[in-house]
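Colleague: Please give me a close look at the metal site in this model. I am in my first year, so plain steps would help. Show me what surrounds the site too.

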Amino acid sequence: MGTRLMRFVVLVCAGLFSSACSVATYGGGVGREDVVESVVATPWQEIGRSVEGRPIRLRTIGSGARRVLWVGGIHGNEVEGVIATEELPAAFAGVRGLSDRVTLTIVEDVNPDGRAARSRGNAHGIDLNRNYPARNFAASPTNGDEPLCEPESRVLHDLIVRLDPHVVIVAHSWGRRADGPPCFINFDGPAEHLARRFGELSGYAVVPSENIHGTPGSLGSFVGIDRRTPILTLEYERGRSPDRCWSETREAILAVIGGDTGSGS
Ligand SMILES: [Zn+2]
């Protein structure tokens with residue numbers, strides 16, 4: 001049994017069906033007979049472009065009724081979640097039954113220009129995590145003159161409105177401060193139960209948004225506070241290796257994706 005979930009193969013279909021050439025299948029074994037379950041995942045698909053024309057991409061895995069959105073990055077100088085984004089599909093496929101219950105949408109990175117330049121903002125110098133049409137939006141040179149004035153913000157906004165996810169998880173990182181935890185899970189909206197479970201499984205501190213300095217126009221404000229959709233903002237420690245970040249939070253991320261809030265709840 002143990003080996004089944006430890007090994008994954010990716011079978012890239014060769015056009016047997018009209019859409020099969022663009023579908024990868026994660027199997028829980030190495031041979032056709034050993035596959036415990038097959039999980040269909042789309043390849044990366046472009047859903048928009050950045051200011052400088054870089055693609056913003058997503059992929060979907062699983063086919064369940066629970067819709068979960070993972071956003072791998074929004075601040076370009078926060079790359080600690082990159083391995084989590086890469087490893088998530090195989091990890092998801094390795095949890096028996098999860099793909100029947102959950103459809104996981106993965107946005108690779110909302111800010112590819114910032115990622116390329118290692119800058120927090122996009123190529124216009126706008127902080128995309130302050131550019132959402134939340135009630136607390138505050139115009140400024142770095143927040144933007146108006147909500148959704150940046151193409152990257154619009155792409156993610158439109159996806160969220162269309163998808164209407166049950167939960168959103170966004171990867172960030174945070175420069176450690178003397179009086180704060182090195183890494184933590186922040187939440188907005190009706191997400192405290194999920195954040196607490198995340199904290200139990202990862203050891204990360206749980207920090208409500210009220211305890212953080214104001215974040216007008218943030219994704220958390222728009223999604224969590226205004227739309228009342230649970231959203232977790234995962235703050236890895238800045239500079240910690242992405243491999244370590246993933247190994248520390250893998251179980252917690254999968255639990256939140258599956259809606260597992262622990263025993264007795
Ligand atoms: Zn950030």
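Modeller: What follows begins at the zinc ion and then moves to contacts elsewhere in the chain. Keep in mind that this is a predicted model.

Begin with the donors. Which protein atoms are donors of the zinc ion? They are His75 (ND1), Glu78 (OE), Glu78 (OE) again, and His172 (ND1). These atoms lie 2.0 to 2.6 Å from the zinc ion. Glu78 appears twice in that list of donors. Now read the sequence. The donor residues follow the spacing H-x2-E-x93-H.

Next, the geometry. The angles among the 4 donor atoms run from 55 to 152 degrees. Ideal angles for four tetrahedral donors are 109.5 degrees. To count as tetrahedral, four donors need all angles between 85 and 135 degrees. Here the angles of 55 and 152 degrees break that rule, so the site is irregular. Square planar fails too, because opposite donors must be over 155 degrees apart. One caution belongs here. Water is not among the atoms, so sites may look incomplete.

Are these donor residues buried or exposed? His75 has a relative accessibility of 3%, so this histidine counts as buried. Glu78 also comes out at 3% and is buried.

Glu78 has another role in the picture. A network of salt bridges links Glu78 with Arg120, Asp127 and Arg238. One zinc donor is therefore also a member of this network. Side chains of opposite charge can pair when their charged atoms come close. Look at one link of the network. Asp127 and Arg120 meet through their side chains at 2.9 Å, N to O. How accessible are the two partners? Asp127 is buried at 9%. Arg120 is partly exposed at 35%.

That link is not alone. The structure holds 16 salt bridges. Take Glu108 and Arg57, whose side chains meet at 2.9 Å, N to O. Glu108 lies in the loop between β7 (102-107) and α4, while Arg57 is in strand β5 (residues 55-61). The two are 51 residues apart in sequence, so their salt bridge ties together separate parts of the chain. Both ends are partly exposed: Glu108 at 28%, and Arg57 at 27%.

Now take Asp164 and Arg227. Their side chains form a salt bridge of 3.5 Å, N to O. Asp164 sits in the loop between α5 and β8, and Arg227 in the loop between α7 and β11 (231-237). They are 63 residues apart, so this pair also ties parts of the chain together. Asp164 is partly exposed at 37%. Arg227 is partly exposed at 30%.

Aromatic rings come next. How many aromatic pairs does a search of the whole structure find? The search finds 4. Tyr132 and Phe222 make a stacked pair, 6.2 Å centre to centre, with 20 degrees between the planes. Tyr132 is in the loop between α4 (112-117) and α5 (151-163), and Phe222 is in helix α7 (residues 219-226). The pair links parts 90 residues apart. Both Tyr132 and Phe222 are buried.

Trp174 and Phe184 meet in another way. Their pair is edge-to-face, 4.8 Å centre to centre, with 90 degrees between the planes. Trp174 belongs to strand β8 (residues 167-174) and Phe184 to strand β9 (residues 184-188). They are 10 residues apart. Trp174 is buried at 13%, and Phe184 is buried at 2%. Elsewhere, Phe198, Tyr204 and Tyr236 form one aromatic cluster. A charge can also meet a ring: Arg59 lies over the face of Trp44, 5.7 Å from the ring centre.

Last, the cysteines. A disulfide is a covalent bond between the sulfur atoms of two cysteines. How many disulfides does the search of the whole structure find? It finds 0. Take Cys183 as a test. The nearest cysteine sulfur belongs to Cys245 and is 7.3 Å away. A disulfide needs the sulfur atoms within 2.5 Å, so this distance rules one out. Cys183 is buried at 7%, whereas Cys149 is partly exposed at 27%.

Notes:
Residues numbered from 1 in each chain as written. Predicted model: local features only at pLDDT ≥ 70, side-chain atom pairs only at ≥ 80, totals over all residues. Heavy atoms only, no water. Donors = N, O, S within 2.8 Å, 3.2 Å for Na, K, Ca; no water. Tetrahedral: all angles 85-135°; square planar, octahedral: opposite > 155°, others 65-115°. Buried < 20%, exposed > 50% of the residue type's maximum accessible area, 1.4 Å probe, protein only. Phe/Tyr/Trp six-rings, centres within 6.5 Å; stacked < 30°, edge-to-face > 60°. Helix = DSSP H or I, 4+ residues; strand = E, 2+ residues; numbered from the N terminus. Lys NZ or Arg CZ within 6 Å of the ring centre and 35° of its normal. Salt bridge = Lys/Arg side-chain N within 4 Å of Asp/Glu carboxyl O.
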